[in-house]
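Trainee: I have a structure to go through. Can you walk me over its packing and its charged pairs?

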Amino acid sequence: MNTESAVYLDNVAGLIIDMDGVLWHGNKAMPGLGDFFQLLRKKKLPFVLATNNASLTQQQYIEKLSSMNIEVEAKEILTSSMATVSYLCEHLPADKKRVFVIGEDGLKQPLLENDFVLTDLYEVDQPEKGITGRTADIVVSGLDRTLTWDKLATATLNINAGAAFYATNSDSTLPTELGEVMGNGGVLAALESVTGVKPISIGKPEPILYEQALKILGTTKDTTIAIGDRLNTDILGAVNAGIRSVLVLTGVSSAEDVKQVDYEPTWILDDLAALTKALEN
């Protein structure tokens with residue numbers, strides 16, 4: 001692990017960059033955001049913005065960045081929702097298409113675009129009344145800022161009836177302008193507690209999101225660097241995927257936190273300005 005005083009990012013053909021806590025807090029851009037992207041374009045360095053945050057669609061992220069005077073293409077955005085839907089399409093039988101969603105448009109849209117059927121609140125089988133064929137095949141949970149007891153209750157009923165349980169990510173918190181707030185991990189903990197079923201999580205720290213990003217970039221593990229602000233997702237995910245990583249100290253994790261875990265980033269940098277400088281080298 002290298003600290004900021006001795007950072008040289010070598011052999012870089014592509015970057016996988018987290019967004020929340022790295023590029024912004026909530027709707028507030030990080031200082032140096034424009035200079036960072038200007039350098040990436042100048043160097044023609046390919047990147048994928050890969051986030052565990054499942055609330056926004058690909059287009060909404062493009063628009064959010066545009067509002068910060070950063071222009072990106074659709075192929076440069078990969079959300080955990082998109083990765084989850086790709087995983088479901090690849091691994092589930094074609095007839096398993098009924099899904100109950102805890103989540104927002106960022107999760108619902110890619111499901112609908114891939115011919116999944118979204119079930120409603122309390123749309124479950126009632127065999128005693130002769131009502132069958134309504135229970136979801138799958139429950140998928142992502143960040144949902146309109147979460148209700150009814151959604152949790154419906155997810156519980158579906159999982160208890162045999163629906164497979166998936167999560168876009170298991171982040172316990174989400175960094176915002178006001179501080180850290182509850183992330184999708186809190187919802188997963190509640191559902192796992194009442195159903196006894198642990199979800200299959202697709203986002204970081206599982207390697208799946210990074211592996212999909214590598215395919216988009218067309219780079220190798222040896223020539224790709226992951227950039228993130230959270231040790232137990234961004235950095236551990238990079239370790240699990242076998243790629244190098246930069247921990248940026250503008251989000252969740254601190255340099256002190258690194259001493260408390262048995263893995264570490266390849267480099268630690270203070271902020272985007274320090275990252276830009278390291279890439280200029």
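What follows is a set of questions and answers on this predicted model.

Trainee: How many salt bridges does the structure hold?

Mentor: Side chains of opposite charge can pair when their charged atoms come close. The number of salt bridges in this structure is 8.

Trainee: Take Arg244. Which residue does its side chain meet in a salt bridge?

Mentor: Arg244 sits in strand β14, residues 244–248. Its partner lies in the segment before β1, 234 residues away along the chain. The N to O distance is 3.1 Å. The partner is Asp10.

Trainee: Is Arg244 buried or exposed?

Mentor: The cut-off for buried is under 20% relative accessible area. Asp10 is at 31%, so that residue is partly exposed. Arg244 is at 18%, so Arg244 counts as buried.

Trainee: How many residues apart in sequence are the parts tied together by Asp18 and Lys204?

Mentor: The two side chains meet in a salt bridge at 3.2 Å, N to O. Asp18 lies in the loop between β1 and β2, and Lys204 in the loop between β12 and α7. The pair therefore ties together parts of the chain at a sequence separation of 186 residues.

Trainee: What is the relative accessibility of Lys204?

Mentor: Its partner Asp18 is buried, with a relative accessible area of 6%. Lys204 counts as buried too. The value for Lys204 is 1%.

Trainee: Glu104 and Arg145 also pair. Which of the two counts as exposed?

Mentor: Their salt bridge has an N to O distance of 2.8 Å. Glu104 lies in the loop between β6 and α4, and Arg145 in the loop between β8 and α5, so the bridge ties parts 41 residues apart in sequence. Glu104 has a relative accessible area of 14% and is buried. At 56%, the exposed one is Arg145.

Trainee: Which residue joins Asp18 and Lys204 in one network?

Mentor: The network is built from salt bridges that share partners. Asp18 and Lys204 belong to it, joined by Asp234.

Trainee: Now Gly228. How many residues along the chain lie between it and Asp18, and what separates their C-alpha atoms?

Mentor: Gly228 is in strand β13. At 0% relative accessibility, Gly228 counts as buried. Leaving out residues up to four places away in sequence, Gly228 touches Asp18, Val22, Asp234, Val246, Leu247 and Val248. Gly228 and Asp18 are 210 residues apart along the chain, and their C-alpha atoms are separated by 5.1 Å.

Trainee: Why is α7 largely enclosed by the rest of the structure?

Mentor: The buried residues of α7 are Ile208, Leu209, Tyr210, Gln212, Ala213, Leu214 and Leu217. They pack against β1, β4, β5, α3, β13 and α8. The helix is largely enclosed because its buried residues number 7 of the 10.

Trainee: Which residue follows α7?

Mentor: Look at the backbone there. The residue after α7 has a positive phi, near 75°. That residue is Gly218.

Trainee: On to helix pairs. Are α5 and α6 parallel or oblique to each other?

Mentor: Two packed helices are described by the angle between their axes and the distance between the axes. The axes of α5 (residues 149–160) and α6 (residues 184–195) come within 10 Å and cross at roughly 45°. The crossing is right-handed. The orientation of α5 and α6 is therefore oblique.

Trainee: How many charged residues does the contact of α5 with α6 have?

Mentor: From α5 come Leu152, Ala155, Thr156, Ile159 and Asn160, which meet Val187, Leu191, Val194 and Thr195 in α6. By class, the contact has 6 nonpolar and 3 polar residues. The count of charged residues is none.

Trainee: And α3 with α4: parallel or antiparallel?

Mentor: Their axes are 9 Å apart, at an angle of about 30°. Angles under 35 degrees count as roughly parallel. So α3 and α4 are roughly parallel.

Trainee: How many nonpolar residues does the contact of α3 with α4 have?

Mentor: The crossing is right-handed. Ser81, Val85 and Leu88 in α3 meet Gly106, Leu107, Pro110 and Leu111 in α4. The contact has 2 polar residues and no charged ones. The nonpolar residues number 5.

Technical notes. Residues are numbered from 1 along each chain as its sequence is written. This is a predicted model: local features need pLDDT of at least 70, side-chain atom pairs count only at pLDDT 80 or more; totals for chains, interfaces and linings use all residues. Side-chain values use heavy atoms; hydrogens and water are left out. Axes are lines fitted to C-alpha atoms, for helices over the stretch in contact, and angles run from 0 to 180 degrees between N-to-C directions. Helices (H or I, at least four residues) and strands (E, at least two) are DSSP runs, numbered from the N terminus. Angles under 35 degrees count as roughly parallel, over 145 as roughly antiparallel, 65 to 115 as roughly perpendicular and the rest as oblique. A crossing is left-handed if the near helix is turned anticlockwise from the far one by less than a right angle, and right-handed if clockwise. Contact means heavy atoms within 4.5 Å. Ala, Val, Leu, Ile, Met, Phe, Trp, Tyr, Cys and Pro count as nonpolar, Asp, Glu, Lys and Arg as charged, and the others, Gly among them, as polar. A salt bridge is a side-chain nitrogen of Lys or Arg within 4 Å of a carboxyl oxygen of Asp or Glu. Buried means under 20% relative accessible area, exposed over 50%, partly exposed in between (1.4 Å probe, protein chains only).
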